[in-house]
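Trainee: I'd like a close look at just one part of this structure, with the pairing spelled out. Can you walk me through it once it's on screen?

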2 protein chains.
Amino acid sequence: MTTEKIQGGINAPKGFYAAGLRAGIREGKENKDMALIYSEVPAVCAGTFTRNIVKAAPVLWDQEIVKNHGSARAVVINSGIANACTGSLGYENCREEAAYAADLLGLAPEEVLTASTGVIGPQLNMEIVKKGIKMLAESRSRTTEAADDAATAILTTDTHKKEIALTACIGGKKVTIGGMCKGSGMIHPNMGTMLAFVTSDAAIEQSVLQQMVKEVVEDTFNMVSVDGDTSTNDTCLVLCNGLAGNPVLEEDSSDLPVFREAITEILTWLSKQIAGDGEGCTRLFEVTVKGAGTRKEAKIISKSVVCSNLTKAAVFGKDANWGRILCAMGYSGANFDPALVDIDLESSKGSLSIVREGIAADYSEERAADILSANPVRAILHLHQGEESATAWGCDLTYEYVRINADYRS
Amino acid sequence: MTTEKIQGGINAPKGFYAAGLRAGIREGKENKDMALIYSEVPAVCAGTFTRNIVKAAPVLWDQEIVKNHGSARAVVINSGIANACTGSLGYENCREEAAYAADLLGLAPEEVLTASTGVIGPQLNMEIVKKGIKMLAESRSRTTEAADDAATAILTTDTHKKEIALTACIGGKKVTIGGMCKGSGMIHPNMGTMLAFVTSDAAIEQSVLQQMVKEVVEDTFNMVSVDGDTSTNDTCLVLCNGLAGNPVLEEDSSDLPVFREAITEILTWLSKQIAGDGEGCTRLFEVTVKGAGTRKEAKIISKSVVCSNLTKAAVFGKDANWGRILCAMGYSGANFDPALVDIDLESSKGSLSIVREGIAADYSEERAADILSANPVRAILHLHQGEESATAWGCDLTYEYVRINADYRS
């Protein structure tokens, strides 16, 4: 892998501008709540969206654009209100948001994607939204600070912004990719995550990009769970404006795997950021299944374990309660022989075998608690049934998760 | 319905004896941890068991008996250790437990069912278990106190015992049915619940009983979720010894529906007890879906809502966060039109429309919080798609759930 990490987030690729600021949608006078991504030339766009049949207005709007146009110039994002379960007025507000931004930026409405995150139910205050869009259009810039502002403005209960950028050499040209996302609660993506945005100056065919994003999301965002709740707003958008000047990536381009690896690296990093910053969580919990008969079974089992409330509470309590892990594997729906299973725990404090052939290994509970006290914590589950593997990312279940969600709206 | 509630729990039906006492398996000097159910004549037995592929030793033992013999005289139960993930030694211990009890009670080993609940992993101390069985055999009696002791001895993190008895008139005879169960954590039964035992003096064919129990469990225990974790030990056993003297109930008996209704009443009551005493919970949360196109969809949707961590935390916080309910309906996998959905909240404090046609009704948050402060809380979700309905039972998600499970073994 020949990627290199750099600064600049979503502004790192050529031709992208960002902005993030407070318009007044979220409570709390300090909280930024609107962001803009803008490309100086048309960018091919790919997207994956929530499979929840209750879809937010911006999801419906973006799906239409990705499907029928496959190209965009801007994304307008707000936090604070999800614009979900808002009926026809909600959709009309979303359309008006895109049209207003398009007007200010000299674009067609269908060149403007939108995304929202926050409380389900309330309508957007369009006066505030329009004021925000005007300020965003005026203040957009190519600076790292502007990218940081955008990454901050999309957050809700997240505790820190999540942005990354890297370069790769493709077709003899330096191609740059940037990404940002937000996660925290209602995170059990069934296609993308709450909100994730990736920019790149790569030149690539839209159909190739869409297929690639769909596949990579399956192995990254779709392997994350904070609480088992699939949002109404999950959106992952990837914009590629071609300014790197590489030969356009097509299905049979020899450099396509390099770009795919770079995208995978970005989405994997963002996925781990979301899991590790789950609502109230103290630790990223990474579960890898090895030796599965099929990759699908490896995915089902690893995801079942990161979704288990009992296992998550045990991680919070630094309790090597392997019975709960084996139990969650057992009810996952995947097939395996419990009598063959080995389980190891691993962290920066070392590693420990806790189960051998389905029953307790002879280990020290104190040593296990010590390993579980670090962050991140990894569990490796070996099925000894085949050669396939998969990894899922989750977090521990804490008092703080309950506090945040018992009192989210007040 | 012509059933009548009476005292006596599992000892209420003719010919059943019970005992419950402390053998020394659980920690805490006060905790009873072994129970016995004994019938003075052979009882036909039906059972449903966990669908987790990691099955505890007693589940394997009982499945064999229900399938191949269909008749039993006794059940030996322990709490504290689940005898799950204990390998061949665990199964041998289970077999020895049955054989030892059979010897003392003058029965064949395959007339003795077993059940265990508690920590997954450790082996049973057979010296303690045998001492316990000896005391149980000696102290068994037909008193209400003995039934109470048995219902107490099967508990783990439950806060109170769960027992019921009722009578019905079948074939001109008074038939009595008693039941007890335990739930609390790792409760997301995929067939029965953690442990439930029903006794009756009804005369009934084993195949008719097995089919009825299977069907009724689908609508009762399988509609309960405390935390989404399906246990390795879930067991529901129904023993009918025929001493009521009614004509043997067969598939086409005109009184079979009466017995079925009585069994349904028992299992429904036990299911609500389990949900309402979920680990750490403060409130039973009952979700009824009405107007569904199919009964299966009504069940999927109602269960999805009671399983949603976000909805459960909102119930704990007395927050009428209907967006989370609609969200959980949407990712359930069932099909419906979100724009038609009405949602009402209901409790002893009154009822309130919070959603009409998929968007917020004009309601007072204070009034909603007041309704949500009572126990139990009910949500009625009307899909306006058809005539089918279903109910699921869960509970709120609290700090106490996290505390119990972060620190269960210590």
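Trainee: Take β7(A): in which sense do β7(A) and strand β8 of chain A pair, and over how many bridges?

Mentor: Bear in mind that this is a predicted model. β7(A) and β8(A), the latter covering residues 195–200, pair in the antiparallel sense, and six bridges hold that pairing. For a spot to click on, try G178(A): its bridge partner in β8(A) is T199(A).

β7(A) also pairs with strand β6 of chain A, residues 162–170, again in the antiparallel sense, this time over nine bridges. Here a handy pair to display is L166(A) and I177(A), the latter being the bridge partner in β7(A). β6(A) and β7(A) make a hairpin, with two residues between the strands. One turn residue to check on your Ramachandran plot is G171(A), which has a positive phi of about 60°.

Now for burial. Strand β7 of chain A spans residues 173–182, and eight of its 10 residues are buried, so the strand is largely enclosed by the rest of the structure. A residue counts as buried here if 20 or more other C-beta atoms lie within 10 Å of its own. As you go along the strand, remember that in a regular strand the side chains alternate between the two faces of the sheet.

So, to put the picture together: β7(A) has antiparallel pairings with β6(A) and with β8(A), and eight of its 10 residues are buried.

Methods:
Residues are numbered from 1 along each chain as its sequence is written. Chains are lettered from A and ligands numbered from 1 in the order in which they are written. This is a predicted model: local features need pLDDT of at least 70, side-chain atom pairs count only at pLDDT 80 or more; totals for chains, interfaces and linings use all residues. A residue is buried if 20 or more other C-beta atoms lie within 10 Å of its own, exposed if 12 or fewer, and partly exposed in between; C-beta atoms are placed from the backbone. Helices (H or I, at least four residues) and strands (E, at least two) are DSSP runs, numbered from the N terminus. Two strands pair if DSSP finds at least two bridges between them.
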